[in-house]
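Please open the model in your viewer and keep the selection panel at hand, since this tour moves from one selection to the next.

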Amino acid sequence: MLSRDPLLLLSATRLAALIRARDVTSAEVVEAHIRHIERVNPTLNAMVANRFDAARAEARAADARLERGEAASAPPFLGVPCSIKESFAVAGMPNSAGLVARAGVRAAEDAVTVARLRAAGFIPLGVTNVSELCMWMETNNRLYGRTNNPYDPARTAGGSSGGEAAVVGAGGAPIGLGSDIGGSIRMPAFFNGVFGHKPTGGLVPTSGQFPLPGERGLRFMTTGPIARRAEDLMPVLRILAGPDARDPSCAALPLGDPAAVDLAGLTVLSVEHDGVLRVSGDLLAAQRRAAAALAARGATVRVARIDLLARALDIWTAMLGVAGGATFRSMLGDGRPVSLPRELARWSLRRSAHTLPALGLTLLEDLGRLFPARVARALELGAALRAELVSRIGERGVMLYPSYPSSAPRHYAPLLPPFQWTYTAVLNVMEMPATQVPLGLDGEGLPLGVQVAAIHGNDHVTIAVAQHLERSFGGWIPPPLSWCRR
């Protein structure tokens, strides 16, 4: 079982209250999480660079501040540990996004969202693993290697925020910072049994991350929290949200209060599949239980089918393809476009610095340019889908939708077929908020879950639903860690 240390089970909100009341010290909280990461990380390979000594010093400084009687002026999360995805700049830490060509790159300053977490009192413990250039649903690269799932190391942790979700899911941090352009917060959160929130497009700035899409794609790429407890989602989102001069896509947007959401007046659109990819029976049953739990609170539940979701892959690829910015092929070569035939030949000889999924994505990018009429049609379908979702979900509604067609697959299994991540990706280009909610474990002990989506700006509504479902089904269930050496 997970360590009996209760500090590893609490939310960031609860830990902050205990530290502020001086019922526990920040040094004790930080040390408990460091010890746990040191225990689980040799198997998980989730945290790829740590700043444990600096974190200990920052914890002592937080405690000293409270000893001086400064609790009233202290930031809300003073002394609480967190973890950060490696694609975010953290001063002095690696910032490669898993690209071998950037192995020596270290951040000179914090990304804006990292700086905001620090200003709120959080203490980063280290940076976590990603897929190569953050563009595949399994966290694996030639620089750091593969991240494993804490519920079963033979299973994927997801991507691209797989290291982040694995650390949080294993109990190594109460919250983490992730990014999401095709499901990179929600899929890993799902596979690792925790909460993950993809905010409304343009709510949280992207400044200080690598890589970034073109300006038109910045609203598709969102930054948000991964958390073991739902009560942390909105407080952390409030810290992260708000304009930054370096991100032209980010705008001020008022955030509602989850506590003000009346579940009895909610309309729940339960969409059980996209019409293309079959969803497992266990996940369907979990989604139906979630719908029933909301109905028991007075919500109106409607099981629905949305035919345009069957074109999710075309829509996501087309909308991202016209977003501008550097091509994926050139980013793989760190500014110099790679030759796909040459790299595939090198890969077959185990000499390539790139992963097979990354090379495959360059081919998908090329195909989009070869069929402009198909792209134009997909853009039209994307606009129609967005209008339909907004209309059918409505101002006082949410949509339940699978986070993936199955529980966490075995490593490399997502390559065949390779496009099952469209369940999450389509919501990125719709710019809709979505919260991944854990819903217990399946018969193999793997996490179940569901996405809760809403119309633009209704982040507080999806989070309110997540909080209710956590009360109904227990939320995060710590993994047994039977594989872990004592």
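In this predicted model, begin by selecting residues 267–271 and residues 397–401, which are strands β11 and β13 and which pair in the parallel sense over four bridges. Within this pair, display L269, which stands opposite M399 in β13.

Next, widen the selection to the whole sheet, an open one of eleven strands with mixed pairing, and follow the order β1-β3-β2-β8-β10-β9-β14-β15-β13-β11-β12 across it. At the edges you will find β1 (47–50) and β12 (300–304), each of which has a single partner strand, so that one side of each is left without a neighbour in the sheet. As you step from one strand to the next, the twist averages 25 degrees.

Now add the helices that lie across these strands. Select residues 162–170 for helix α5, which lies across β1, β2 (81–85), β3 (123–128), β8 (175–180) and β10 (222–227), and which runs at about 160 degrees to β2. Helix α7, for its part, lies across β8, β9 (195–198), β10 and β14 (434–441), running at about 150 degrees to β10.

Finally, keep α7 (residues 233–240) in view and select residues 112–119 for helix α4; the axes of these two helices come within 8 Å and cross at roughly 120 degrees, an angle which makes α4 oblique to α7. The crossing in which α4 passes α7 is right-handed. To see what makes the contact, show the side chains of T113, R116 and L117 on α4 together with those of V236, I239 and L240 on α7; the residues of this contact divide into four nonpolar, one polar and one charged.

Notes: Residues numbered from 1 in each chain as written. Predicted model: local features only at pLDDT ≥ 70, side-chain atom pairs only at ≥ 80, totals over all residues. Heavy atoms only, no water. Axes fitted to C-alpha atoms, helices over the stretch in contact; angles between N-to-C directions. Parallel < 35°, antiparallel > 145°, perpendicular 65-115°, else oblique. Left-handed = near helix turned anticlockwise from the far one by under 90°. Contact = heavy atoms within 4.5 Å. Nonpolar A, V, L, I, M, F, W, Y, C, P; charged D, E, K, R; others polar. Pairing = 2+ DSSP bridges.
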